[in-house]
Amino acid sequence: MRMFIGIPLAEAVVEKLETVRARLYRRGDGLRWAARESWHITLQFLGETSAEQYACLVTNLGAVRMEPFVIGLDGLGCFDRAGVLFVTVRLTPALTALQQRVTTATEPCGFTPEKRAFAPHITLARGRGHDDARRLSALATELRRPPQFSPFLAEEFVLYQSFPGPGGSRYERRERFTLNA
Ligand code: 2AM
């Protein structure tokens with residue numbers, strides 16, 4: 001199983017993102033736009049996960065303690081090299097704390113935390129080739145009035161399974177972990 005851990009979005013945020021996507025999307029633009037059902041904030045990408053590891057994750061993630069906290073979203077951004085257009089998620093002490101608690105919890109299950117800095121984001125579209133990077137970064141700055149997102153309360157995090165497919169990956173929520181102190 002290919003797994004990752006993330007935070008799902010509040011419905012109001014999904015609605016707002018839908019209007020942003022509609023302003024940016026051009027038919028035949030050749031980009032792979034993520035389906036609204038798949039929008040999330042990744043906390044940790046786990047990759048291939050065995051049944052034993054899955055059981056370990058359920059136990060250890062279930063033991064993570066954290067109060068619900070507010071998540072703020074900023075403007076659009078682009079990872080040039082990866083060819084990803086995204087909405088920036090504000091890196092607050094609470095979000096950092098949750099990400100650290102999650103990666104600490106998964107370590108005994110055989111997952112190593114990434115070395116690169118945590119850059120929380122919501123992926124909206126991916127490029128297919130090298131030329132798309134320029135198109136994606138143009139899109140990130142295209143809107144004259146940058147989108148304003150209302151903050152939302154994160155009340156849970158989720159263990160997702162990813163099913164890669166030709167049109168992009170489909171994500172299924174496998175386990176939900178409610179935030180409470
Ligand atoms: P992305 O949104 O920037 O593509 C499932 O693939 C989720 O895990 C995606 O949100 C993806 O981030 C994230 N992810 C992080 N590292 C990854 C990796 N090495 N391979 C695939 N997905 C990764």
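In what order do the four strands of the open sheet with E3 at one edge run? The answer is E3-E1-E9-E10, and the pairing is antiparallel. The views below come from a predicted model.

**View 1. An open sheet of four strands, E3-E1-E9-E10, paired antiparallel.** Look at the two ends of that order: E3 and E10 are the edge strands, each with a single partner, so one side of each has no neighbour in the sheet. Ignoring direction, neighbouring strands here are turned against each other by 25 degrees on average. Zoom in on E9 and E10 and you'll find an antiparallel pair held over eight bridges. Within that pair, Gln 161 sits opposite Glu 172 of E10.

**View 2. Helices H2 and H3 lying across the E3-E1-E9-E10 strands.** Helix H2, residues 51-62, lies across E1, E3, E9 and E10. Its direction runs at about 40 degrees to E10. H3 lies across E1, E3 and E9, and it runs at about 15 degrees to E3.

**View 3. An aromatic pair, Phe 4 with Tyr 160.** The model has five aromatic pairs. In this one the ring centres of Phe 4 and Tyr 160 are 4.8 Å apart and the planes meet at 5 degrees, so the pair counts as stacked. The two rings come from distant parts of the chain: Phe 4 belongs to strand E1, while Tyr 160 belongs to strand E9 (residues 156-163), 156 residues apart. As a reminder, a pair of aromatic rings is described by the distance of the centres and the angle of the planes.

**View 4. Another open sheet of four strands, E2-E7-E6-E5.** Once again the pairing is antiparallel. The edges are E2 and E5, each with just a single partner strand, so one side of each is left without a neighbour in the sheet. Helix H1 (residues 11-24) packs on this sheet and touches E2, E5, E6 and E7, with its direction at about 45 degrees to that of E5. Helix H4, residues 132-142, also lies across E2, E5, E6 and E7, running at about 160 degrees to E5.

**View 5. Strand E6 and its partners, E5 and E7.** Strand E5 (residues 73-79) pairs with strand E6 (residues 84-89) in the antiparallel sense, over five bridges. Gly 77 has Phe 86 of E6 as its bridge partner. Four residues lie between the strands of this hairpin, where Gly 83 takes a positive phi near 65 degrees. E6 pairs with E7 as well, antiparallel and over five bridges. Here Leu 85 stands opposite Ala 125 in E7.

**View 6. The largest pocket, with about 1100 Å³ of space.** It is lined by 35 residues, and the closest to its centre are Thr 42, Phe 45, His 121, Thr 123 and Arg 126. Which elements give two or more residues to the lining of the largest pocket? They are strand E1 (2-8), strand E2 (32-33), strand E3 (40-48), helix H3 (93-106), strand E7 (121-126) and strand E10 (170-178). E3 gives the most, five residues. By character, the lining residues divide into 16 nonpolar, 13 polar and six charged.

Methods
Residues are numbered from 1 along each chain as its sequence is written. This is a predicted model: local features need pLDDT of at least 70, side-chain atom pairs count only at pLDDT 80 or more; totals for chains, interfaces and linings use all residues. Side-chain values use heavy atoms; hydrogens and water are left out. On a 1 Å grid over the protein atoms alone, a cavity is a set of points where a 1.4 Å probe fits but cannot get out, and a pocket is an open set with protein on both sides within 12 Å along at least five of seven lines; lining residues have an atom within 4 Å of a point. Grid points are joined across faces, edges and corners, and a volume is the space filled by probe spheres set on the points. Ala, Val, Leu, Ile, Met, Phe, Trp, Tyr, Cys and Pro count as nonpolar, Asp, Glu, Lys and Arg as charged, and the others, Gly among them, as polar. Two strands pair if DSSP finds at least two bridges between them. Contact means heavy atoms within 4.5 Å. Axes are lines fitted to C-alpha atoms, for helices over the stretch in contact, and angles run from 0 to 180 degrees between N-to-C directions. Rings of Phe, Tyr and Trp (its six-membered ring) pair if their centres lie within 6.5 Å; planes under 30 degrees apart count as stacked, over 60 as edge-to-face and the rest as tilted.
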